Amino acid sequence: QAAVVPRDLPEELRQLMLLSKFAIDEVMTKVSILRDELFFSRGHNPIEHVSSRLKSPASIAEKAQRKGVPLTRDGLRDHVRDIAGVRVTCGFVSDIHRVRDMILRQRDLTVIEERDYIAAPKANGYKSLHLIVQVPVFLSDRVEDVVVEIQLRTIAMDFWASLEHKIYYKFDGEVPRHLTDSLKLAADVAWSLDTSMERIHDELHGPLDGVPAASPGEVAA
Ligand code: 0O2
């Protein structure tokens, strides 16, 4: 609801947060439709869980300051692109790519950037696929294109990332060496789990599992 956007913010930031909240609603609807459609029409649902978050004003301000940009819509547009965030958790790594392809085929979504931290994980072990997309939001008197960051990850990657995130904030970014080493090791174990589970799953159901790589514009029957 609009109530999640505080009233006492500079007007431009308040407007941007409100638009970001609407953009989250748009993307959540899209992902929910995919999830329900796949649930009803296919044997295997690639989407396990979907969540969203609107970045807090304090977190937006901190990031803007770190990047040296003003708290204006223009200032934030290119440098703080995760004000609206949607996280899609999938069962298997191949599901991530399947859902990514489905999202990319949506005609009203424009992908601005794709960051594949699965193909190229961060040094700390972080893995996820990030899609920075632009979605049209239809208002009473105009249409606004709003940026949303969609993060796609497996359950194991999500488990790892949430613990790493807590540790990172607990130590204010200065995580002791033994913990960063343990986290890196845990990321490798999580990856090994993901690849083993995928192999077992493929052996049982075959690699495509009844979810074909649809051609552009195709709607599953
Ligand atoms: P929160 O609490 O989720 O909002 P850039 O400076 O543009 O290169 P930027 O904008 O931080 O980098 O983009 P990036 O790397 O895609 O990260 C955006 C979000 O991805 C983060 O938002 C996290 O949610 C997640 N993320 C990225 N790297 C890591 C990581 O190493 N560990 C974990 N746990 N999450 C990560 P916030 O604002 O950091 O956090």
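**Notes on the sheet and on Ala187**

1. The open sheet is built from 5 strands, ordered S1-S2-S5-S4-S3, with mixed pairing. At its edges lie strand S1 (47-54) and strand S3 (110-116), each of which pairs on one side only. From one strand to the next, the twist averages 25°. Please keep in mind as you read on that this is a predicted model.

2. A general reminder may help here: strands of a sheet pair through backbone hydrogen bonds, in either a parallel or an antiparallel way. S3 and strand S4 (residues 129-138) take the antiparallel sense, over 6 bridges. If you would like a place to start looking, Asp116 has Leu129 in S4 as its bridge partner.

3. Now for the helices on the sheet. Helix H1 (residues 11-41) packs there and touches S1, strand S2 (84-90), S4 and strand S5 (143-154). The direction of H1 makes about 175° with that of S1. Helix H5 (residues 155-170) also packs on the sheet, with contacts to S1, S2 and S5. For H5, the direction makes about 100° with that of S5.

4. Is Ala187 buried or exposed? This residue of helix H6 (residues 177-205) counts as buried because its relative accessibility is 3%, and the cut-off for buried is under 20%.

5. Which residues does Ala187 touch, leaving aside those up to four places away in sequence? They are Gly125, Lys127 and Trp160. Lys127 is worth a look in your viewer: Ala187 and Lys127 are 60 residues apart in sequence, while their C-alpha atoms are 8.2 Å apart in space.

Methods
Residues numbered from 1 in each chain as written. Predicted model: local features only at pLDDT ≥ 70, side-chain atom pairs only at ≥ 80, totals over all residues. Heavy atoms only, no water. Helix = DSSP H or I, 4+ residues; strand = E, 2+ residues; numbered from the N terminus. Buried < 20%, exposed > 50% of the residue type's maximum accessible area, 1.4 Å probe, protein only. Contact = heavy atoms within 4.5 Å. Pairing = 2+ DSSP bridges. Axes fitted to C-alpha atoms, helices over the stretch in contact; angles between N-to-C directions.
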